[in-house]
Protein chains: 4
Amino acid sequence: MIRFNCDYSEGAHPRILQRLQETNLEQTAGYGEDPYCQQARDLIRNLCQAPKAQVHFLVGGTQANLTVIAAALRPHQGAIAADTGHINIHESGAIEATGHKVLALPNRDGKITAEQVQAYCEAYWADATYEHMVQPKMVYISSPTEVGTLYTREELQALRQVCDRYRMYLFLDGARLGYGLAAQGNDVDLPTLAQCCDAFYLGGTKQGALFGEAVVLTNPALQEDFRYLIKQRGGMLAKGRLLGLQFLTLLEDGLYFALSRHADQLAMEIRRACQEKGYPLLVESTTNQQFPILPDGDLEKLQQKYEFSPWGRVDETHQAVRFCTSWATREEDVQQLVADIRAL
Amino acid sequence: MIRFNCDYSEGAHPRILQRLQETNLEQTAGYGEDPYCQQARDLIRNLCQAPKAQVHFLVGGTQANLTVIAAALRPHQGAIAADTGHINIHESGAIEATGHKVLALPNRDGKITAEQVQAYCEAYWADATYEHMVQPKMVYISSPTEVGTLYTREELQALRQVCDRYRMYLFLDGARLGYGLAAQGNDVDLPTLAQCCDAFYLGGTKQGALFGEAVVLTNPALQEDFRYLIKQRGGMLAKGRLLGLQFLTLLEDGLYFALSRHADQLAMEIRRACQEKGYPLLVESTTNQQFPILPDGDLEKLQQKYEFSPWGRVDETHQAVRFCTSWATREEDVQQLVADIRAL
Amino acid sequence: MIRFNCDYSEGAHPRILQRLQETNLEQTAGYGEDPYCQQARDLIRNLCQAPKAQVHFLVGGTQANLTVIAAALRPHQGAIAADTGHINIHESGAIEATGHKVLALPNRDGKITAEQVQAYCEAYWADATYEHMVQPKMVYISSPTEVGTLYTREELQALRQVCDRYRMYLFLDGARLGYGLAAQGNDVDLPTLAQCCDAFYLGGTKQGALFGEAVVLTNPALQEDFRYLIKQRGGMLAKGRLLGLQFLTLLEDGLYFALSRHADQLAMEIRRACQEKGYPLLVESTTNQQFPILPDGDLEKLQQKYEFSPWGRVDETHQAVRFCTSWATREEDVQQLVADIRAL
Amino acid sequence: MIRFNCDYSEGAHPRILQRLQETNLEQTAGYGEDPYCQQARDLIRNLCQAPKAQVHFLVGGTQANLTVIAAALRPHQGAIAADTGHINIHESGAIEATGHKVLALPNRDGKITAEQVQAYCEAYWADATYEHMVQPKMVYISSPTEVGTLYTREELQALRQVCDRYRMYLFLDGARLGYGLAAQGNDVDLPTLAQCCDAFYLGGTKQGALFGEAVVLTNPALQEDFRYLIKQRGGMLAKGRLLGLQFLTLLEDGLYFALSRHADQLAMEIRRACQEKGYPLLVESTTNQQFPILPDGDLEKLQQKYEFSPWGRVDETHQAVRFCTSWATREEDVQQLVADIRAL
C-alpha cells in the first residue's frame, strides 16, 4: 500500500537526522536556552523581518494552540474560529480544557471572512446582555486551512483591521504553513504574517521535522511570561535543542520551502489527473491536500493500492476523499497514482 | 412603565417573606443541613416519586448548570445542547470555564430531537478519529426552553432512549419548570421527569422565590460527593435554610403550581390578543413567555407604556418581541396591555 | 442548647427583613443594575473615600474569593496565603478549580508578615528556575483571620510595600470585616483598607445580612470586565437588588458597626470569664471568635448546655475550643455562659 | 567546563539514533498506533508481568504527571505529595492548571511515609467539615525522589495499604526510574511497581532517550479513555512511533538498565570521594544524584572547571550542591572530578 493519507507518515528529512547525530554528545543547557535554539530564533526573526518578536519552539500543534490561547485570553474571553477549525473539532476539547469557548462561525472552504467576524462582533457588542456572553478576544485561523485553502494577503489584512477595531488578537495556525507559502498563487510571505498576526506558527511536524512548531509572538502583550505557560502545559522539552536544531536545519538554507514546493507540485499533479478525469473538487486547494469527489466504483479500485482518507459522502454514488502529499512523497508513487487514475 | 420584560423583576411571594420572618431568629445548622432543607428534600422526593433521589438547593441557574456539569463529566467529555441553550450562549462561558465543550446542535423552536442526538452520536462513534473529538456524554435541554416551548413526554422518552444507547446523561434545566408543568397541553409531570432525567431542577428564582433552584439527582453516579462540588463552585449557602424554607413554602401546598398557572394564563391572554390582532408568533409557546411579531409602528407605541424585550428583526418593518409574565404579574396590567393591543 | 458554634445560625437583622418586605413588589432591573445596588455602591465608595473604586455584590465568601482570584491572575500565577487561610484549607479547592495554586506560608496566629512575603519573593526571583515555579502575583490575607486576630495598619502598609516591590496584588478577605473594625485596639478603617488593598470585601453573611459580600476593587487592573467573571462563576444574582438593599440597610446609618461592636463586646465577656478561670487562650483575639483551652472535664460539662466548636487537642487533658458570638447573640445567653464558666 | 549539572545535557544513546535512521522513511500510522509502539507496549507489559496494563508514551514528565492526574481525579479531589515533590514545586502549577490541589506533606529526604498519609487521611475523614476540604484521592511519589533517594519495597507496600484503606490511587513518578532500579541496595523491580501502583512511568528523557516517558496504567479505572486525555493535553505525538521505537531500543535487551548502572556507579565514585574528603552528605542517595556539603572555598575551586547545581546554603561557610551523572557521563570526567576533589 502506498500512503497518501497524511503528511506525518515518515520520520524527518535526512539532513535533520544527520544534524542530530553530529551534535548528539554535545552538552548544552536545557529548556530551549541552548545555542541552537538561539540561532533558530534569530533566523526566524530575520525571515519574518520582526526583530522584536519572540520565538518559542513547541512539540506539536495542539500544544501550540492551547498554550498560545491559555496565555492570551482571560477566563471570560473566547476565540472566534471557523467551525471546521482544528481547535473547534479536532483537539479533544483542548481549548475548553483551558477554560475558553471556541466561537464557531460557518466556514466557506475552511475559511472565515473579515465580514463575518465584523458582523459577529457588531452584534455582540450591540447586545444589551453582552456580559452574559463569551467575549470575542481572538480570531483563530489556519492557513493552509484544514481543507488546504489559503488566506490571501488582502483577506489577512482585512481580518487584521477588524481585530484592531474590536481589540482582538489574530492567531494563525501554521501547522502546514510551508505548503501554503510555497503554493501556486500564494501572495503571503513571512513578513506579511508577522505584520498581520499577533501570533502564528511555522509547522515542523508535517513539514519535514520529526516534530515541532515554531511559535512567533509579535504582540508584546502575548510575550510576557510565555515560557511559564509552555512549562505549565507540559510543552517545555528538557532537551530543547532538538527543536532548535531541526528548525535551524530546515530554515537556514531554504530546505523548508523546497520541501514544501515538492509536496505542492506533486499534489497539483494529482489534482490535474483528477480534473482531466472529470472528477469535481470539493474545494479549490493549491496546497498539499487535494479533495476530489470520486464515483464509488473508482474509489474502491484505488483503495486496493493506496491509502487515502474518506472525506464525506456527497451523493448516493460519490464520495469526497483526501489525497495528501508531503515533503517525503516520492515522485514515482505520484506518477503511479496518476497513471492509475487515468486508467480508471 | 409596566414591566413585561422578565420574570425576576419583583422579590418573592409574600408567604415566603412571612416564613423568613417567622423563623428568622431560630438557630439552625448551616450549609443545608437544617430541618427546613431536610423537609423540603423529602417533599420533593415525594412529589417526584423518587425516594432515592438526592435533592440539593443552589442559588441560581448558571450555578446549578455549571455545578451539575462539573460533577458529571470527565475532562474530555461535553454536553450536547441546542444552539439556543442557556449554557451555550448566555452564561459567559461558565461551562467552558469548568473545562467542558458545549456541543451545539441547531434548534427548532428552542428544542433538539432524539433523532438529531442519535445522528450526532452515530456519526461521532463511527469516525475513526473520535479520540480527537470531544466525547458526547450528556444531553442538556431546557424545558420550558429559552423561547417558552415544551418537551412532550414522548420527546423526553425518546431522548432517554438515545442517552441510554450512547451511555449519556440527560440533564434538564428547569429554571422555569413550573410554567411548563402548569401549561395548557403539557403532558409531563415530576415523576416523569425523575424517570427520564439523570438530573433536573425546579427553578425558584423565576417562580416566586427570592432565589434558588432545587436540583434533583436521580442517577447515583451523579450523587457521589456532589456537596463538595457545590462548595467548590461557590454555591454552598452558609444559611442554607433560606433555600429549604422557600421551596418548602412553594411546594408544601401547591403554591408553586398555582403561581405558575397564574402566569401562564395571563401569558395566554396576551397571546390571544396578539393573534386576534393578526400578529404572527415567532414560536408556539403555551408558557409565560410569548413572542409575537409586531409592525414597527405598533411596537413603538407599546414601548411608551410597557417594557418588553426585543427579540430580533424579522423583516424591514417587523420585529419579534418577548412579553414575559410571572407569578407576580397583575391581572389589571395584562388587561391594560390587551386593551392597548386591541386599540392599536 | 444555646449555640456559640458559628456566626451564621440565624437569619438577618430584622430591619433587613423589613426592607425586603417594603420593597418586595417593586419592579427593578436585574443583575445588580437597580437603584438599591447603585445607592449601596455609592455609599460604600463614600465610606471608603474611594470614589473610583468598583463595588460588586456577591452571594458568599468562597464565591467572592474565587471570582476575584480568577479575574486577577493569569494561569501561571498564584496567591500567597497563610496556611490557615480560608482559600487554602476550607473551600474544597475552589481556587485550584480556577487553575491557580495557593502558595501557603506558615501562619503565626492566623497571620503572615511582610517579612515572610518578602523572603518568599526574594528567594523565588533569585532562583534560576523560577519559570518552573508558580509566580507569586497576589497576597491573600483575611482580617479578622480565621482565628479572630487582626492585621494592624502598620502590618497592612508593610504588606502593601512588599506587594508594590514585587508587582503583586493585595487582597483582603473581609468575611468578618465588621467584627475587626469594631474591635478594641483596632487601628484600621475602611479608607485605610481602600488605600492598602487592591481588592477587599465587607462580609454580610456573618454580619447581619441573610447573605452577601460587598467586593471593593480599587485597582483599575482588577476592574476591567469583572462582571463577566461574576456571571461566569455563577455569582450574578438575578434579583441583584436583594444584595444592594441589604448592604444599604446595614451601612446607611452604622448598623453594620453597631452589630459588630455588640458581638465583639459579648465575645470579650466570654474571654474575661475564661481568663479569670485561668484558661489559657490559643490566640489573642479581640473579635467575635474566642479560643480558650479547656480541661476535658469542664469542656464536657459545658457541652451539655452549649454548642461550640472543638479546635484541636492541646495535650492529654486539654482541648482548644471556639466560642463564636454574632450580631444575633443574646446578652442573656452570654451571661448564662459566663456564670456557668465561673461555676465550673 | 564539564557538566554534572543535570541528566539531560546530551542527545540520546547512539543506538536510538541509529534506529531512527534505519526506520526513517517507513510509513506508519500516527498517534501511537504503529507497530513499534505496539511492540514496546508488549515488552513493557512483559517486563512488568502485567498483561492487562495499558502503556502510553508521552513526551515529558510534566506532561505525564498532569495527564495522569487530570484523567484520574474528579474536580474536588487532590493528590498528596511530598512538599519537595516535582508536581508541588517545579511544574509551574501544571497540576493546579488541571484544577487540582497538591496536598503537600513534609518530606524526609524527599520521601513521605505511609504513616504520614494515614495520619492525614484519618484526620481528614474525622473532620466534620471534610466536604469543605479537598478530598485526598491520590498519593503521588517519585522514586528516585528529587534528591535521589529510593522507596523500598516495604515502604511501597505500606503506601499501597493506606491507599486501599482510603480508596486512593498510588502514582509513582519514575522520571529517573532506571537509576533507582539499578541502584545498590534497591529491592524494588518492575513487577513490584506494577503490583503496588495504580500508575507509574519509566522515564526516558533522563535515561538515554531523546525524550519520552512510558506511562503504565495498571488500574482499569485509570485506563478508560486515557488517549482522549493525552490528545486534549497536547501530548499525542503525530509521529508516535518515535516514542515506541526509543523505548523498544532501550528495553529490548536491557540497555536501559545498563545505562542506569553506569550512571549510578559513577555517582557512587563521586560520593566516595566526597566522603573520603570528609564532606557530609545532605541525603543518603545511592542513585545518579549526589548532594555533598562543601566548604565555600572548595566549591569555588570546583566551579572553575565543572558545572553543578547549588542546592542551598547549610551554614555560613558551607553549601550543599548537586552532582548529577547520567547514561552519557564519561568515566574520564568522573575520574578527573574525583582527582580534583582529593586534591582540594
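## A bridge between chains A and C

Let's start with a salt bridge: the side chains of A:Glu224 and C:Arg167 meet at 3.3 Å, N to O. The rule here asks for a side-chain nitrogen of Lys or Arg within 4 Å of a carboxyl oxygen of Asp or Glu. A:Glu224 sits in the loop between α10 (220–223) and α11 of chain A, and C:Arg167 in the loop between α7 (153–165) and β6 (169–173) of chain C, so the pair joins two chains. Helices (H or I, at least four residues) and strands (E, at least two) are DSSP runs, numbered from the N terminus. A:Glu224 is partly exposed at a relative accessible area of 41%, while C:Arg167 counts as exposed at 58%. The classes are buried under 20% relative accessible area, exposed over 50% and partly exposed in between, with a 1.4 Å probe and protein chains only.

A salt bridge with the roles of the chains swapped links C:Glu224 and A:Arg167, also at 3.3 Å, N to O. A:Glu33, A:Arg227 and C:Glu131 are linked in a network of salt bridges.

## What you're looking at

This is a predicted model, where local features need pLDDT of at least 70 and side-chain atom pairs count only at pLDDT 80 or more, while totals for chains, interfaces and linings use all residues. Residues are numbered from 1 along each chain as its sequence is written, chains are lettered from A and ligands numbered from 1 in the order in which they are written, and side-chain values use heavy atoms, with hydrogens and water left out.

## Chain A against chain D

Here 45 residues of chain A are in contact with 46 residues of chain D, contact being heavy atoms within 4.5 Å. The two chains bury about 3,900 Å² between them, 54% of it on carbon and sulfur atoms; that is accessible area (1.4 Å probe) lost on putting the two parts together, summed over both.

How many salt bridges does the rule find across the interface of chain A and chain D? Zero. There are, however, 28 residue pairs in polar contact, both at pLDDT 80 or more. On the side of chain A that touches chain D, the largest share, four residues, comes from α1(A). A polar contact is a pair of N or O atoms within 3.5 Å; within protein, one must be able to donate a hydrogen and the other to accept it, and residues adjacent in sequence count only if both atoms are side-chain atoms.

## Chain A against chain B

Between chain A and chain B, 18 residues contact 18 residues, burying about 1,300 Å², 47% of it on carbon and sulfur atoms. The count is two salt bridges, and the side chains of A:Lys101 and B:Glu96 meet in a salt bridge of 2.7 Å, N to O.

## Inside chain A

A:Asp7 lies in the loop between β1 and α1 of chain A and is buried, with a relative accessible area of 0%. Its side chain makes a polar contact of 2.6 Å with that of A:Arg176 and one of 3.0 Å with that of A:Asn288.

Elsewhere, the side chains of A:Lys111 and A:Glu155 meet in a salt bridge of 2.9 Å, N to O. A:Lys111 is in the loop between β4 (102–105) and α6 (114–126), and A:Glu155 in helix α7 (residues 153–165), so the pair ties together parts 44 residues apart in sequence. A:Lys111 is buried at 16%, whereas A:Glu155 is partly exposed at 30%.
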